[in-house]
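Reader: I'd like a close look at a single part of this one, with the surroundings filled in as you go. Could you pick a helix and walk me through it?

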Amino acid sequence: MVGAATVLAVGVALGSFLSAAPQNDTAPASQVTTMSPTPRETGLQLTAEQRAGGEAGFDAEWDKLSDTDRVAVCAHIAARGLEQAMRDFDVAQEHIDHGLLPGLYVEACRTVSVDRAAPIPPASPADAPSLTDQEQAFVDNHRDEFTFSPPKSDGELIAWAKERCTEMTEEHAEDRVEFIGSRWSGGSDGAQNMRVVAGTFCPSLLPDMNLADRAFGPGNYVAVAEQSDRPTRASSATPGQVAPGTYGTLRAGVEDCYWERTSASGSTIANDFLSFVPGSVTVTINAGEGFTSTGCGIWVPAA
């Protein structure tokens, strides 16, 4: 029996060759293939060479499929409807609208009998796997925070979230310092979403994810008493802000690190240039002081 995942993978493979096909919406009429009306006749403006290449590419991929896979793909189309099946197969909307690729599927499936395999029905709440209370709470509280194309079912969302947790847990176990550094505030796309995932499925990672939020990097900063835990990043035009406290370099083995604390008037309170430190460098910054560093890497609140 061919599973739904296999069907979708086969469908995506069949459709992937066309997504990169160059389009020419203003191609001269003499360059556009003229054909008798068939499922391959579309409004997609391709040159004769491009159209022929697209058809040849699809035919080559189709020929690679086993009879079982062909039946499964065509059964899926029969059950889901052509347009929805194209979305399931991750076909770009422009190619659905133009009709060339859907037409190729229709034409190919004309020679396939789907009587030998039961169509794959659309997922329904009755077919969906039951969720645990924890999983249902995650869906209820956070579904709107995640966007996928095509959309994921509740079960698929849970599977995706757990997979992300497995990946993050493995990354953390392999190199904790690298894990924190990669999630340093502003340095990791989707950080908030991953925190939401971790909060439910791998909460042991949250302390280090929160530590990354409170980290800051090179540049000029001012310690502000009412500053939140998340520092504001320094730029070439303005200093950043950090909460007063004791900070240490994230990485040990610091080389060519310079740091300096300054008063509100700009005079030096303390500074140091370190050519090499086997361990971590630690500095306490008081409210109202300025702080600058170069070559020290990322600073995190000291334990």
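Author: Sure, let's look at what covers the buried residues of helix 8: the cover includes helix 7 (133-142), helix 9 (176-182), helix 10 (191-201) and helix 11 (206-213). Keep in mind that this is a predicted model.

Helix 8 itself runs over residues 154-174, which makes 21 residues. From first C-alpha to last it reaches 31 Å, close to the 30 Å expected at 1.5 Å a residue.

Now for its buried side. Leu157, Ile158, Trp160, Ala161, Arg164, Cys165, Met168 and His172 are the buried residues here. They sit on the same side of helix 8 because the arc they cover around the axis is only 160 degrees. The general background is simple: an α-helix has 3.6 residues a turn, so residues three or four places apart point the same way. Turn to the face pointing away from that buried side and you'll find the exposed residues Glu170, Ala173 and Glu174.

One of the covering helices deserves a stop. Helix 7 holds glutamate 135, and this glutamate counts as buried because its relative accessibility is 8%, with the cut-off for buried at under 20%. Setting aside residues up to four places away in sequence, glutamate 135 touches Ser130, Ile158, Lys162 and Phe201. Ile158 you've already met, as one of the buried residues of helix 8.

Helix 9, another part of the cover, takes us on to a pocket. Together with strand 3 (245-249) and strand 8 (299-301), helix 9 is among the elements that each supply at least two residues to the lining of the second largest pocket. The space in there comes to about 160 Å³. Arg176, Val177, Leu211, Gly248, Thr249, Leu250, Val300, Pro301, Ala302 and Ala303 make up the lining. If you're sorting by chemistry, that's 7 nonpolar, 2 polar and 1 charged.

Two spots out in the strands round off the tour. Aspartate 256, in strand 4 (residues 254-262), has a positive phi of about 50 degrees even though it is not a glycine. Aspartate 256 counts as partly exposed, at 48% relative accessibility. Alanine 270 belongs to strand 5 (residues 268-277) and is partly exposed too, at 22%. Its C-alpha is separated by 5.8 Å from that of glutamate 260, 10 residues apart along the chain. Neighbours within four places in sequence aside, alanine 270 is in contact with Trp259, Glu260 and Arg261.

Note on methods: Residues are numbered from 1 along each chain as its sequence is written. This is a predicted model: local features need pLDDT of at least 70, side-chain atom pairs count only at pLDDT 80 or more; totals for chains, interfaces and linings use all residues. Side-chain values use heavy atoms; hydrogens and water are left out. Helices (H or I, at least four residues) and strands (E, at least two) are DSSP runs, numbered from the N terminus. The expected span of a helix is 1.5 Å times one less than its number of residues. Buried means under 20% relative accessible area, exposed over 50%, partly exposed in between (1.4 Å probe, protein chains only). The arc is that of the directions from the helix axis to the C-beta atoms. Contact means heavy atoms within 4.5 Å. On a 1 Å grid over the protein atoms alone, a cavity is a set of points where a 1.4 Å probe fits but cannot get out, and a pocket is an open set with protein on both sides within 12 Å along at least five of seven lines; lining residues have an atom within 4 Å of a point. Grid points are joined across faces, edges and corners, and a volume is the space filled by probe spheres set on the points. Ala, Val, Leu, Ile, Met, Phe, Trp, Tyr, Cys and Pro count as nonpolar, Asp, Glu, Lys and Arg as charged, and the others, Gly among them, as polar.
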